[in-house]
Each structure stands twice: as structure tokens, then as C-alpha cells.
Amino acid sequence: MTPIVVTVSDASGGAKYSDLVRFDSWALPNIAIQCNVTGTVSYTIQTSLDDPNSPTNPVALNSMTWINTNDTSVVAASASAQSNFIFIPTFARVKLNSGSGSVTATFIQAGLMGQ
């Protein structure tokens with residue numbers, strides 16, 4: 001998978017969220033994440049299994065349930081960090097909890113099964 005990069009900045013007025021990152025449910029489940037911090041921030045990587053585009057069980061975008069990742073090194077984090085998912089969430093995002101700085105997150109998913 002081509003790396004997907006999202007950036008979110010300046011949550012001094014309240015929490016902000018990055019664009020959503022959609023993963024390939026037919027690819028391998030290994031997903032690498034690198035978060036690069038600039039300035040002063042608190043951020044959290046969040047995931048959701050909800051899918052607004054599901055043909056059988058769509059969930060409205062503003063009704064999606066977001067769960068903090070199980071890797072506590074990227075929950076309420078303030079420094080650059082690397083993490084991973086060993087499962088495939090439907091979506092991920094970066095929640096900028098507070099701070100005037102920014103976080104740029106790069107997500108890379110392993111290739112297709114059988115390749």
C-alpha cells in the first residue's frame with residue numbers, strides 16, 4: 001500500500017481531527033504508523049470499525065464510534081512515536097487533543113495476501 005499521510009495542527013481552541021485513513025480489508029493486517037510532532041501537542045491515534053460506505057450496515061460519518069488505539073505510547077502522546085496495528089481497522093485518524101503544534105502521521109499497510 002502506498003503510504004497515507006495526514007496532518008492536523010493547532011488545537012489550542014479545542015480538539016481537532018485529521019482526515020480519515022481508510023485501510024484495505026483484503027490486504028495483510030500489518031500496519032505501521034509513524035507520528036512526527038512539531039511544537040507542543042497532545043495527540044491520540046484512534047480507530048473505528050464503522051463504515052459509512054457499508055452496503056449492509058452503513059453508519060453515518062458523524063455517528064461513527066472512535067476508540068483509542070491499544071498502544072498507550074500513542075494515546076495522549078506528546079512526542080514523535082512509531083506504533084502499529086496487528087489487525088485491520090476500517091478507518092484510523094489522529095485526534096489532536098490540545099496544543100498549538102502539529103502531528104503528521106504516516107500509515108503504511110502491508111501488501112496484498114499471496115503476493
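# Reading an all-strand chain

Student: What does the accessible surface of the protein chain come to, and how much of that belongs to carbon and sulfur atoms?

Tutor: Accessible areas come from the Shrake-Rupley method with a 1.4 Å probe, and for residues only the protein chains shown count as cover. Here the protein chain exposes about 6,200 Å², with 52% of that surface on carbon and sulfur atoms. Keep in mind that this is a predicted model, where local features need pLDDT of at least 70 and side-chain atom pairs count only at pLDDT 80 or more, while totals for chains, interfaces and linings use all residues. Residues are numbered from 1 along each chain as its sequence is written, and side-chain values use heavy atoms, with hydrogens and water left out.

Student: Thanks! How many helices and strands are there in the protein chain?

Tutor: Both are DSSP runs numbered from the N terminus: helices are H or I over at least four residues, and strands are E over at least two. By that reading the chain has nine strands and zero helices. Its order from the N terminus is simply β-β-β-β-β-β-β-β-β.

Student: And how does the radius of gyration of the protein chain stand against the globule rule?

Tutor: The radius is taken over C-alpha atoms, and the rule is 2.2 Å times the number of residues to the power 0.38. For 115 residues the rule gives 13 Å and the chain has 14 Å, so it is as compact as a globular protein of that length. Along the principal axes, the C-alpha atoms fill a box of roughly 40 × 30 × 20 Å.

Student: What share of the residues count as buried?

Tutor: Relative accessible area decides: buried is under 20%, exposed is over 50%, and partly exposed is in between (1.4 Å probe, protein chains only). Of the 115 residues, 39% fall in the buried class.

Student: Which residues of strand 4 point to the buried face?

Tutor: Strand 4 covers residues 31–38, and its side chains alternate. I31, I33, C35 and V37 are on the buried face, whereas A32, Q34, N36 and T38 point the other way and are not buried.

Student: With which strand does strand 4 pair over five bridges?

Tutor: Two strands pair if DSSP finds at least two bridges between them. Strand 7 (residues 81–85) is the partner there, antiparallel to strand 4, and A81 in strand 7 is bridged to C35. Strand 4 is also antiparallel to strand 9 (residues 102–109), with eight bridges. In that pairing A32 faces I108, and T38 has S102 as its bridge partner. Strand 9 also runs antiparallel to strand 1, through six bridges; I4 is bridged there to F107.

Student: How are the contacts in the protein chain spread over sequence separation?

Tutor: A contact means heavy atoms within 4.5 Å. Among contacts with a separation of 6 or more, 78% come from residues 24 or more positions apart. A15 offers an example: A15 is in the loop between strand 1 and strand 2 and is partly exposed at 42% relative accessibility. A15 and K95 are 80 residues apart in sequence, yet their C-alpha atoms are 6.9 Å apart. Not counting residues up to four places away, A15 touches K95, L96 and N97.

Student: D51 is in a loop too, so to speak; is D51 buried or exposed?

Tutor: D51, in the loop between strand 5 (41–48) and strand 6, is buried, with a relative accessible area of 14%. Beyond neighbours within four places, D51 contacts R22, N57, P58, V59, T90 and F91. The C-alpha atoms of D51 and T90 are 6.8 Å apart, across 39 residues of chain.

Student: Where is N70 found?

Tutor: N70 sits in the loop between strand 6 and strand 7 and is exposed at 63%. Between N70 and S98, the C-alpha distance is 20 Å for 28 residues of sequence.

Student: What is the phi of D10?

Tutor: D10 has a phi near 50°, a positive value in a residue other than glycine. D10 lies in the loop between strand 1 (4–9) and strand 2 (16–17) and is partly exposed at 35% relative accessibility. A76 is not a glycine either, and its phi is positive at about 55°. A76 belongs to the loop between strand 6 (67–68) and strand 7, and A76 is exposed at 53%.
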